[in-house]
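This report describes selected contacts in one protein structure. It takes up a helix contact, then salt bridges, then aromatic rings.

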Amino acid sequence: NCNKMKRVVTFIKSDLFILTMGKIIQMLLLFLAVRLFTKYLSDAEIGNLILILAVTMFFGLALVNPVGSYVTRELNQWYLNGSVLSKFVIFSGYILLVSVIAFGAPYFLALFGVGTSINTLSFSIVVSLFVFFNTWNQTIIPSLNLLFHRKAFVAFTILTVSLYLLLASVFVLLIEPTAYWWLMGQVSGLALGFISAFIYMFLGPLKNQNNLEIGFELKELGKVIRFAMPLSIATLFLWILGNAYKLIIEGQIDSEALAYIGLALILSTSLAGSIESLLMQVFHSPFYKGLSSSNSIKDRTLVFQRFVDGALPIMAGSLFVLICSASFLLTLLVDPRFSVVYQFLMFGLLIEFFRVAANIVSHVAHSEYKTAQNIKPYFYGALVATIGIFIAVKSSQWEYGVIASLLIAWFSTLAIMVRSAKRLIPFVLPIKAMLRVIVYLSPVGLLSVLFSSNSDSLIFSSSFIVLVGLYSSVILYRQYARGIE
């Protein structure tokens, strides 16, 4: 038994455990946020909140992320050259530029009747501040993880979310219950988290990064553009796929109509996103490390195959469990008046499976530095989604039309993505492993059907989720262990 204890202690000290606990605490706090804003804000304000966040995401995805990916990819190299700080100075100029552009977006949208129920100036202020501080927060704090300061990474992540919850609640309760003040609280939390992490980084990991020539080589600029441009176009279509429905519903119907379906789909994205980001934290480092030490397409095929075999079955199993637990989850996550949206949540999670799978497969293009390959799948998906949703909004059963359009759009994206990736690297999707995991998890489905009438009770739902969570963790951990043998 002494051996067992040792294994437990090793596990608790391991990176996986530290990152997982950090992720779980962050998740719980973020879901508490949903519970709070569905309680404090009216339906119309929730619609506004969803709309404003969709606009900030546009800048994050289309303009910041691609350059951020470049930063991630090069960070360890810069660290060895001692040039991290000078690169960050250049990056900050870019972020400032993007935030200024973001300021104009709400004025542009107002021309199309989108977001007109929000004061345009407040809309602009909150969008540009959000883009600025969110980008910095999401650059500095994950950099700590990449430089192997795992505990600091977890601590500052949790600090950020705690401050956001505290300040958003205070602003909404003391000033007024609007999307604007909720987001101002979030911006303040992001800013304080970024500033404290930056001070830590400056005094700790970056102490000897004294190579401060801000000289900017055109060669490097070319390299960034070549890397980021195709990514940027791909993520623009990715944004349309995931967010166009919000602008269309708000513009064509109103922000209250957006509140219900938007909340369900946003929840499915954040549930799936939390599992996805945990999986990426686990599987990314070996994947990129493997890439940097592989010399041939054969090596890279092995590295990618290991990545897909590790990540996809666990993702499929997790989403299966979430779909089965949808009505129980809603009882915990939202104000009771929103518990009617559980069907949308179930479909939303299925949509998420296609989204995450497409994202995992899109790593092939990264590994081959052919990011332009990812444009086509997202382009067709975005096209299908936009046309489908415009048609759907005209009908009386528009919610189901929107869901159907998104399902078809994401499925087409995944199918096209797999085809184009297989031209670069001959990999196989682990379908058998995915089905095996789902079969092992099928008792969860059975239980959720048997007890579906108890899902209104908060106590029952909490215990259901805890039990199901424990059972699933064991099954999924076994799948993970099978992968690393």
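In helix H2, Phe31, Val34 and Arg35 touch Thr331, Leu332 and Leu333 of helix H11, a contact being heavy atoms within 4.5 Å. The model is predicted, so local features need pLDDT of at least 70 and side-chain atom pairs count only at pLDDT 80 or more, while totals for chains, interfaces and linings use all residues. Residues are numbered from 1 along each chain as its sequence is written, and side-chain values use heavy atoms, with hydrogens and water left out.

**The contact of H2 with H11**

The residues of this contact divide into four nonpolar, one polar and one charged. Here Ala, Val, Leu, Ile, Met, Phe, Trp, Tyr, Cys and Pro count as nonpolar, Asp, Glu, Lys and Arg as charged, and the others, Gly among them, as polar. Two packed helices are described by the angle between their axes and the distance between the axes. The axes of H2 (residues 15-40) and H11 (residues 326-333) come within 9 Å and cross at roughly 70°. H2 and H11 are therefore roughly perpendicular to each other, a term for angles of 65 to 115 degrees. Axes are lines fitted to C-alpha atoms, for helices over the stretch in contact, and angles run from 0 to 180 degrees between N-to-C directions. Helices are DSSP runs (H or I, at least four residues), numbered from the N terminus.

**Salt bridges**

The whole structure holds four salt bridges, each defined by a side-chain nitrogen of Lys or Arg within 4 Å of a carboxyl oxygen of Asp or Glu. Three of them are listed here.

| Pair | N to O distance |
|---|---|
| Arg337 and Asp43 | 2.9 Å |
| Glu276 and Arg355 | 3.1 Å |
| Arg355 and Glu352 | 2.6 Å |

Arg337 and Asp43 form a salt bridge that links distant parts of the chain, 294 residues apart: Arg337 is in the loop between H11 and helix H12 (342-361), and Asp43 is in helix H3 (residues 43-81). Arg337 is partly exposed, at 30% relative accessibility, whereas Asp43 is buried at 18%. Buried means under 20% relative accessible area, exposed over 50%, and partly exposed in between (1.4 Å probe, protein chains only).

Arg355 also bridges to Glu276. Glu276 lies in helix H9 (residues 255-292) and Arg355 in H12, so this pair ties together parts that are 79 residues apart in sequence. Both Glu276 and Arg355 are buried. Within H12, Arg355 forms a salt bridge with Glu352; these two are three residues apart, and so separated by about one helical turn. Glu352 is buried, as is Arg355. Through salt bridges that share partners, Asp43, Asp335 and Arg337 are joined into one network.

**Aromatic pairs**

The count comes to 34 aromatic pairs. Rings of Phe, Tyr and Trp (its six-membered ring) pair if their centres lie within 6.5 Å; planes under 30 degrees apart count as stacked, over 60 as edge-to-face and the rest as tilted. Tyr180 and Trp181 form an edge-to-face pair, 5.1 Å centre to centre with 80° between the planes. Tyr180 is buried at 19% relative accessible area, and Trp181 is partly exposed at 22%.

Phe304 and Phe307 form a tilted pair, 6.1 Å centre to centre with 55° between the planes. They are three residues apart in helix H10 (residues 297-324), and so separated by about one helical turn. Phe304 is buried at 0% relative accessibility, and Phe307 is buried at 3%. Elsewhere, Phe88, Phe91, Phe132, Phe133, Trp136, Phe194, Phe198 and Phe202 form one aromatic cluster.

Conventions
Angles under 35 degrees count as roughly parallel, over 145 as roughly antiparallel, 65 to 115 as roughly perpendicular and the rest as oblique.
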